[in-house]
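This report describes selected features of one protein model: its salt bridges, its open and enclosed spaces, and its nonpolar cores.

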Amino acid sequence: MRGVAGTRETPVVVVANRLPVDQVTLGDGSTEWRPSPGGLVAALEPVVQSSGGTWVGWPGAPDTELDPFDADGMHVVPVALSAEEVAEYYEGFSNGTLWPLYHDVTGEPVFERRWWDAYRTVNQRFADAVAEVADGPGTVVWVQDYQLQLVPDMLRRRRPDLRIGFFDHIPFPGWEIYARLPWRKQIIDGLLGADLIGFQRGGDAANFLRAARSTSGVVTRGSVIERGDGRQLRAAAFPISVDAAALDELSRRPETLARAAELRRDLGNPTTIVLGVDRLDYTKGILHRLRAYGELLDEGRLGAPDVVLVQVASPSRERVEEYQRLRDEVEVTVGRINGDHSAVGHPAVHYLHQTFPKEEMAALYLAADVLLVTPLRDGMNLVAKEYVACRHDERGSLVLSEFAGAADELRQAFLVNPWDIDGLKDAVLRAIAVAPAEAARRMRAMRRRVSEFDVHRWASAFLGGLEMVAESKAERAAP
Ligand code: F6P
């Protein structure tokens with residue numbers, strides 16, 4: 001890996017809720033490994049591979065006891081979860097309590113004491129697994145995301161010799177929202193076990209610093225936190241990104257271009273293809289987007305089949321009630337729009353409740369004239385950056401929610417407040433009607449940003465920062 005690999009002396013240990021591959025049980029009872037969902041895996045795989053490192057995580061299925069194994073240039077250490085722990089730690093506390101709370105209560109957080117107990121138990125299991133496998137003093141351990149916020153402190157208690165980083169892939173909420181969490185102090189204390197805590201946006205880091213001062217009595221100077229026990233750490237923004245060069249290369253392949261043309265043909269060669277790509281999650285604003293799109297059709301400001309909407313909604317957290325309810329609502333809404341506006345063989349909305357490989361996604365991005373990324377709240381949203389990285393032809397427009405972390409960087413997108421349905425409708429129309437030269441100017445500027453601040457730069461910045469904090473700590477400790 002560029003920048004990082006060359007400077008790494010010790011292999012990095014990445015600790016994440018999921019392994020980069022999930023074990024899936026098929027209808028006939030056999031199992032197979034599939035790539036895990038989400039941008040986290042794509043971002044971190046190269047870090048582990050290039051440093052000859054280790055990935056500690058859950059194999060994605062309950063009650064799966066597996067020995068460590070080597071795969072794709074990584075040493076993989078599976079952490080087993082029982083069915084009850086999946087229900088209480090993963091579906092419960094992580095995705096029924098923390099996920100809605102951290103996304104500005106776009107869903108209703110549930111505070112369930114049993115779930116908290118499971119969260120603690122599972123975090124301790126992850127910390128113990130890392131303590132066993134991490135090499136000697138100075139080894140870098142990089143803990144990922146909201147499912148494992150207690151791991152930094154639990155790990156430090158067992159292995160004070162390690163350099164511990166933590167990266168939060170999702171937003172960190174303002175104090176008024178965070179303060180509701182009955183276990184707010186325990187979570188902050190867990191995170192304060194790290195040497196460096198990374199967030200997507202400056203605002204997330206500021207929210208965390210405020211929460212740390214309020215719950216744990218620490219003193220902060222800028223991004224530096226004085227714990228009071230002589231130990232210092234830092235909390236700052238490190239916006240995550242994509243492998244822009246790899247996506248650019250993929251999008252230029254003849255087979256990708258041919259597939260993009262084929263997709264256009266299959267969609268009936270419409271004048272305009274509008275695309276949405278999301279995990280089927282209530283934070284993504286899919287219903288608001290469908291509402292805006294449906295109204296534009298109702299009012300005759302857009303006409304099917306001249307314009308088509310392709311909405312990819314990949315299955316996610318399907319056993320959590322809020323996700324089941326959302327799926328029903330999305331499917332009813334798509335059905336209603338199609339009932340009102342489709343013609344035989346020409347649906348107004350192509351709804352795909354599926355997950356596609358990256359090759360197919362690159363072709364879809366190339367085929368789309370407008371991409372709608374309109375979450376109500378999102379840590380970063382790597383779909384927006386993937387789209388930009390794939391548009392080597394400098395065509396295509398991006399409509400982007402100001403509540404996605406990506407909005408801090410992709411300023412040339414058509415920025416919207418997704419709660420404002422009229423504003424959203426206007427932005428969709430402007431993005432469709434934009435002159436080609438203007439669209440190219442915007443896309444060029446966004447491509448420059450994504451190719452300069454790519455995932456390699458993100459990882460180097462974080463790991464470099466972690467090294468600096470850990471070194472200044474060693475200097476202070478020297479007699
Ligand atoms: O950062 C968001 C995140 O929860 C990641 O931790 C994860 O890789 C991705 O979304 C997909 O979520 P899940 O693992 O719950 O399917």
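Is aspartate 369 buried, partly exposed or exposed? In this predicted model, the relative accessible area of aspartate 369 is 24%, and the residue therefore counts as partly exposed, since burial requires a value under 20%.

**Salt bridges**

Aspartate 369 forms a salt bridge with arginine 264, and the closest N and O atoms of the two are 3.0 Å apart. Arginine 264 belongs to helix 9, whereas aspartate 369 lies in the loop between helix 12 and strand 16 (370-373), so the pair ties together parts that are 105 residues apart in sequence. In total, the structure holds 44 salt bridges.

A second pair consists of arginine 289 and aspartate 278. This salt bridge links distant parts of the chain, with arginine 289 in helix 10 (residues 286-298) and aspartate 278 in strand 13 (residues 272-279), eleven residues apart. Both ends are enclosed: arginine 289 is buried, with a relative accessible area of 2%, and aspartate 278 counts as buried at 4% relative accessibility.

A third salt bridge is found between glutamate 295 and arginine 291. Because these two residues are four residues apart in helix 10, about one helical turn separates them. Glutamate 295 counts as partly exposed, at 21% relative accessibility. Through shared partners, salt bridges join Arg291, Glu295, Glu299, Arg301, Asp422, Lys425 and Asp426 into one network.

The N to O distances of the three pairs are listed below.

| Salt bridge | Closest N to O distance |
|---|---|
| Aspartate 369 and arginine 264 | 3.0 Å |
| Arginine 289 and aspartate 278 | 2.7 Å |
| Glutamate 295 and arginine 291 | 3.6 Å |

**Pocket and cavity**

Aspartate 369 also appears in the description of the second largest pocket: of the 23 residues that line this pocket, Ala368, Asp369, Arg391, Arg395 and Gly396 lie nearest its centre. The space in the second largest pocket amounts to about 410 Å³. Helix 9 (254-266), helix 12 (358-367), helix 14 (421-433) and helix 15 (436-452) are the elements that give two or more residues to the lining. Helix 9 gives the most, with four residues. By residue type, the lining of the second largest pocket comprises twelve nonpolar, five polar and six charged residues.

How many cavities of 30 Å³ or more does a search of the whole structure find? The search finds one. The largest cavity holds about 30 Å³ of space. Its lining is formed by Gly396, Ser397, Leu398, Gln412, Phe414, Ala439, Arg442, Met443 and Met446. Strand 17 (397-401) and helix 15 each supply at least two of these lining residues, and helix 15 gives the most, with four. Five residues of the cavity lining are nonpolar, three are polar and one is charged. Gly396 thus takes part in lining the largest cavity and is also among the residues nearest the centre of the second largest pocket.

**Nonpolar cores and enclosed segments**

In soluble globular proteins, nonpolar side chains tend to be buried together. Here, the largest nonpolar core has 93 residues, and within it Phe126, Ile187 and Phe208 have the most contacts. Helix 3 (residues 113-133) gives the most to this core, with ten residues. Apart from this core lies another, of 67 residues, which include Val140, Leu382, Ala404 and Val455.

Which residues surround isoleucine 187, leaving aside its neighbours within four places in sequence? Isoleucine 187 is in contact with Phe93, Leu98, Tyr102, Trp116, Tyr119, Gln149, Leu150, Tyr178 and Leu181.

Leu181 is also in contact with phenylalanine 111, whose other contacts beyond four places in sequence are Thr97, Leu101, Arg180, Pro182 and Trp183. Phenylalanine 111 is placed in the loop between helix 2 (83-102) and helix 3. With a relative accessible area of 33%, phenylalanine 111 is partly exposed. Phenylalanine 111 and phenylalanine 208 are 97 residues apart in sequence, and their C-alpha atoms are 20 Å apart in space.

Helix 4 (residues 151-158) has six buried residues out of eight, so this helix is largely enclosed by the rest of the structure. The buried residues of helix 4 are Val151, Pro152, Asp153, Met154, Leu155 and Arg156.

Terms used
Residues numbered from 1 in each chain as written. Predicted model: local features only at pLDDT ≥ 70, side-chain atom pairs only at ≥ 80, totals over all residues. Heavy atoms only, no water. Core = buried A, V, L, I, M, F, W, Y, C linked by side-chain atoms within 4.5 Å. Buried < 20%, exposed > 50% of the residue type's maximum accessible area, 1.4 Å probe, protein only. Contact = heavy atoms within 4.5 Å. 1 Å grid on protein atoms, 1.4 Å probe; cavity = no way out; pocket = protein on both sides within 12 Å on 5 of 7 lines; lining within 4 Å. Points joined across faces, edges and corners; volume = space filled by probe spheres on them. Nonpolar A, V, L, I, M, F, W, Y, C, P; charged D, E, K, R; others polar. Salt bridge = Lys/Arg side-chain N within 4 Å of Asp/Glu carboxyl O.
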